[in-house]
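Reader: I am new to this structure and should be grateful for a close look at a single part of it. Please choose the part that is best described, and set it in the context of the whole chain.

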Amino acid sequence: MSAVMTAMFDDCGEAERVLLELIRDGFPTDRVDLTSDGVPGRAGLAPAGSPHDRFVRHFRAIFTAQHEQPLA
């Protein structure tokens with residue numbers, strides 16, 4: 001099983017800076033994602049009827065434990 005780290009930012013610019021720092025520090029680009037309303041990333045690929053439902057499906061795939069489901 002692979003580990004997952006998530007972070008929430010109020011500022012999209014700050015999230016983008018952290019993403020770039022992680023990549024500069026050696027994290028593979030295919031293992032680091034930025035997901036936001038402006039940059040949906042992999043969440044934008046989820047099959048669903050609305051952007052909201054795409055985000056919910058995406059985050060439910062990450063937060064799989066029953067107690068984590070409300071976080072999605």
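Author: Of the contacts in the chain between residues at least 6 apart in sequence, 14% join residues at least 24 apart. The model is a predicted one, and the chain has two helices and zero strands. Along its principal axes, the C-alpha trace spans about 35 × 30 × 20 Å. Of the 72 residues in the chain, 14% are buried.

The part chosen here is the largest pocket, together with the residues around it. The volume of this pocket is about 1200 Å³. Its lining consists of 32 residues, and those nearest the centre are M5, T6, A7, D33 and T35. Sorted by class, the lining comprises 20 nonpolar, five polar and seven charged residues. Helix α1, residues 12-24, and helix α2 each contribute at least two residues to the lining. The largest share, five residues, is supplied by α1.

Two of the residues nearest the centre of the pocket, D33 and T35, lead to further features. D33 takes part in a salt bridge with R42, in which the side chains meet at 3.3 Å, N to O. The structure holds one salt bridge. In general, side chains of opposite charge can pair when their charged atoms come close. D33 has a relative accessible area of 41% and is therefore partly exposed, since this value lies between the limits of 20% and 50%. R42 is likewise classed as partly exposed, at 43% relative accessibility.

T35 leads to H58, a residue of helix α2, which covers residues 51-62. Apart from residues up to four places away in sequence, H58 touches T35, R42 and A43. One of these contacts is thus with T35, a residue that lies among those nearest the centre of the pocket, and another is with R42, the partner of D33 in the salt bridge. H58 has a relative accessible area of 13%, and it counts as buried because this is under 20%.

S36 is placed in the loop between α1 and α2. Leaving aside neighbours within four places in sequence, S36 is in contact with C12 and F55. C12 belongs to α1, which covers residues 12-24, and F55 falls within α2, residues 51-62. The loop residue S36 is buried, with a relative accessible area of 14%.

Helix α2 also bears on the aromatic residues. A search of the whole structure finds one aromatic pair. The ring centres of F59 and F63 are 6.3 Å apart and their planes lie at 20 degrees, so the pair is stacked. F59 is partly exposed, with a relative accessible area of 23%, whereas F63 counts as buried at 16% relative accessibility.

From F63 the description passes to the segment after α2, where Q69 is placed. Without counting neighbours within four places in sequence, Q69 is in contact with R60, F63 and T64. One of these, F63, is a member of the stacked pair. The C-alpha atom of Q69 is separated by 20 Å from that of L34, and the two residues are 35 apart along the chain.

Note on methods
Residues are numbered from 1 along each chain as its sequence is written. This is a predicted model: local features need pLDDT of at least 70, side-chain atom pairs count only at pLDDT 80 or more; totals for chains, interfaces and linings use all residues. Side-chain values use heavy atoms; hydrogens and water are left out. Helices (H or I, at least four residues) and strands (E, at least two) are DSSP runs, numbered from the N terminus. Buried means under 20% relative accessible area, exposed over 50%, partly exposed in between (1.4 Å probe, protein chains only). Contact means heavy atoms within 4.5 Å. A salt bridge is a side-chain nitrogen of Lys or Arg within 4 Å of a carboxyl oxygen of Asp or Glu. On a 1 Å grid over the protein atoms alone, a cavity is a set of points where a 1.4 Å probe fits but cannot get out, and a pocket is an open set with protein on both sides within 12 Å along at least five of seven lines; lining residues have an atom within 4 Å of a point. Grid points are joined across faces, edges and corners, and a volume is the space filled by probe spheres set on the points. Ala, Val, Leu, Ile, Met, Phe, Trp, Tyr, Cys and Pro count as nonpolar, Asp, Glu, Lys and Arg as charged, and the others, Gly among them, as polar. Rings of Phe, Tyr and Trp (its six-membered ring) pair if their centres lie within 6.5 Å; planes under 30 degrees apart count as stacked, over 60 as edge-to-face and the rest as tilted.
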